[in-house]
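Subject: The structure for you to look at

Hello,

Here is the structure I promised to pass on. Please open it next to this email and follow along as you read.

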Amino acid sequence: MTKTDELLIRQHCDEVRRRIAQACARAGRAPEEVRLLPVTKTVAAERLRAAFVAGLTEFGENKIQEADAKAEHLADLPVTWSIIGHLQTNKAKQAVRFAREFQALDSLRLAEALERRLQGAGRGLDVLVQVNTSAEASKFGLAPEAVADFLRALPAFSALRVRGLMTLAVFDPDTVRVRACFRRLRVLRDRLRDAAPPAIALDELSMGMSGDFEAAVEEGATVVRVGQAIFGARPLPDSHYWPGEGSGVADQ
Ligand SMILES: *Cc1c(COP(=O)(O)O)cnc(C)c1O
C-alpha cells in the first residue's frame, strides 16, 4: 500500500460524494439518504487496506470466491462485505460465513439455502431482491411482475432481513433507457411497499454504478454501487463480469 494510492482513493471518493450531493440537490433530496457502497471486484486486497486507511469500511463484491478470499485477507480490519452479484445455491454457506448483506436475491431456492445456513450460524443477513428492469435475458433478477408474489413468500425466512430492491440498468449510452430502468424500480417499490408483509421493508433502492449513479440518485437510489470511479478502470472488460455482455462468461 502506498501513500499515493490512499490519497487517490480518498480524492476519488470525495469526488463521487460531491457528485452524489449535487444529484441530491437537483432532486430535492438529502445527501445522507444515499449510501455509497464501494465496489472492489478486481481490486487487490492490499489496495483495500489503502481504501480502509482512506476511510472506507464497507466493500461490495459480485463474485463470492473473490470476496471470500479478500475477507480472509482483511480479517484483522473492521470492514463489512456486501455480495452484489448472482449467488449459486451451493455457495450459500460460504456467503453466510462473512457477508453482512446480499443484494441479489432472486429465487426461493436460494432464500431457503441462505436461511438454513443462517439459522445454523445463529445470525441474520440484510438482503435486497434483485429485479431485472431491462428485460434483457442475460441479466439476473426477477421480472418486475414476479416481485409481489416473491415478497409474499419471504417472511417464512426469518433470518433474511429484507431491506429493499436492487437492479442493474441496461448497458446503453442512451441515458433515457438507463433512467427508465431506475424509474421502473422505484415505481415498483412504491407500488409494493404498502402491500408488502409487515416483516418486509422496502426502503432501500440499490441502483446506479460509476457510469450512471447520478441519474440513479435523481430517480431515488438509496444505495449506489461504485467501483471504477473510485478505484480506476478495471483491467478486464465488463463482459467478463456480466453474462451476455459479449463474452458469455457466466458467474463463477
Ligand atoms: C461491478 C459492479 C458495479 C460497479 O460497477 P463500476 O462500473 O465499477 O462502478 C455495480 N454493481 C454490480 C452488480 C457490479 O457487479
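A residue counts as near a molecule or strand if one of its heavy atoms lies within 4 Å of it. This is a predicted model, so local features need pLDDT of at least 70 and side-chain atom pairs count only at pLDDT 80 or more, while totals for chains, interfaces and linings use all residues. Residues are numbered from 1 along each chain as its sequence is written, and side-chain values use heavy atoms, with hydrogens and water left out.

Let's start with the ligand. There are 13 residues around it, and those that come nearest are Lys41, Ser210, Arg225, Gln228 and Arg234. Sorted by class, this shell has six nonpolar, four polar and three charged residues. (Ala, Val, Leu, Ile, Met, Phe, Trp, Tyr, Cys and Pro count as nonpolar, Asp, Glu, Lys and Arg as charged, and the others, Gly among them, as polar.)

Which atoms of Gly227 and Gln228 does the ligand approach with an oxygen atom? In Gly227 it is a polar backbone atom, 2.8 Å from a ligand oxygen. In Gln228, too, a polar backbone atom lies 2.8 Å from an oxygen atom of the ligand. With Arg234 the partner is an N or O atom in the side chain, at 2.7 Å from a ligand oxygen. The protein covers 98% of the 380 Å² of accessible area that the ligand has on its own. Accessible areas come from the Shrake-Rupley method with a 1.4 Å probe, and for residues only the protein chains shown count as cover.

Next, have a look at Arg225, which you have already met beside the ligand. Arg225 sits in strand S8 (residues 223-226). Helices (H or I, at least four residues) and strands (E, at least two) are DSSP runs, numbered from the N terminus. Is Arg225 buried or exposed? Arg225 counts as buried because its relative accessibility is 4%; buried means under 20% relative accessible area, exposed over 50%, and partly exposed in between (1.4 Å probe, protein chains only).

The side chain of Arg225 has polar partners as well. A polar contact is a pair of N or O atoms within 3.5 Å; within protein, one must be able to donate a hydrogen and the other to accept it, and residues adjacent in sequence count only if both atoms are side-chain atoms. One such contact, of 2.9 Å, joins the side chains of Arg225 and Ser206. A polar atom of the Arg225 side chain also lies 3.0 Å from the backbone oxygen of Thr167. Contact in general means heavy atoms within 4.5 Å. Leaving aside neighbours within four places in sequence, Arg225 is in contact with residues including Leu37, Gln103, Met166 and Ser210.

A second group worth finding is Ser82 and Glu101. Ser82 lies in strand S3, and Glu101 is in strand S4 (residues 101-105). Ser82 is buried because its relative accessible area is 1%, and Glu101 is buried because its value is 4%. Their side chains make a polar contact of 2.7 Å. The side chain of Glu101 makes another with the side chain of Gln103, at 3.0 Å. Not counting residues up to four places away in sequence, Glu101 touches Arg35, Leu37 and Trp81, among others. With that same exclusion, Ser82 touches residues including Arg35, Leu37 and Phe59.

Now to helix H2 (residues 45-53), whose buried residues are Ala45, Leu48, Ala50 and Ala51. What do the buried residues of H2 pack against? Their partners are helix H1 (3-27), strand S2 (58-61), helix H3 (64-73), strand S3 (80-83) and helix H9 (228-231). Just after H2, Gly55 takes a positive phi of about 110 degrees.

Two residues have a positive phi although they are not glycines. Thr42 has a phi of about 70 degrees and lies in the loop between strand S1 (35-38) and H2. Ala135 has a phi of about 60 degrees and is found in the loop between strand S5 (125-130) and helix H6 (147-153). Thr42 is partly exposed because its relative accessible area is 31%, whereas Ala135 counts as exposed because its value is 71%.

Last, the cysteines. A disulfide is a pair of cysteine sulfur atoms within 2.5 Å, and by this rule the count is zero. Cys24 is in no disulfide; the nearest cysteine sulfur, that of Cys13, is 16 Å away.

Enjoy exploring!
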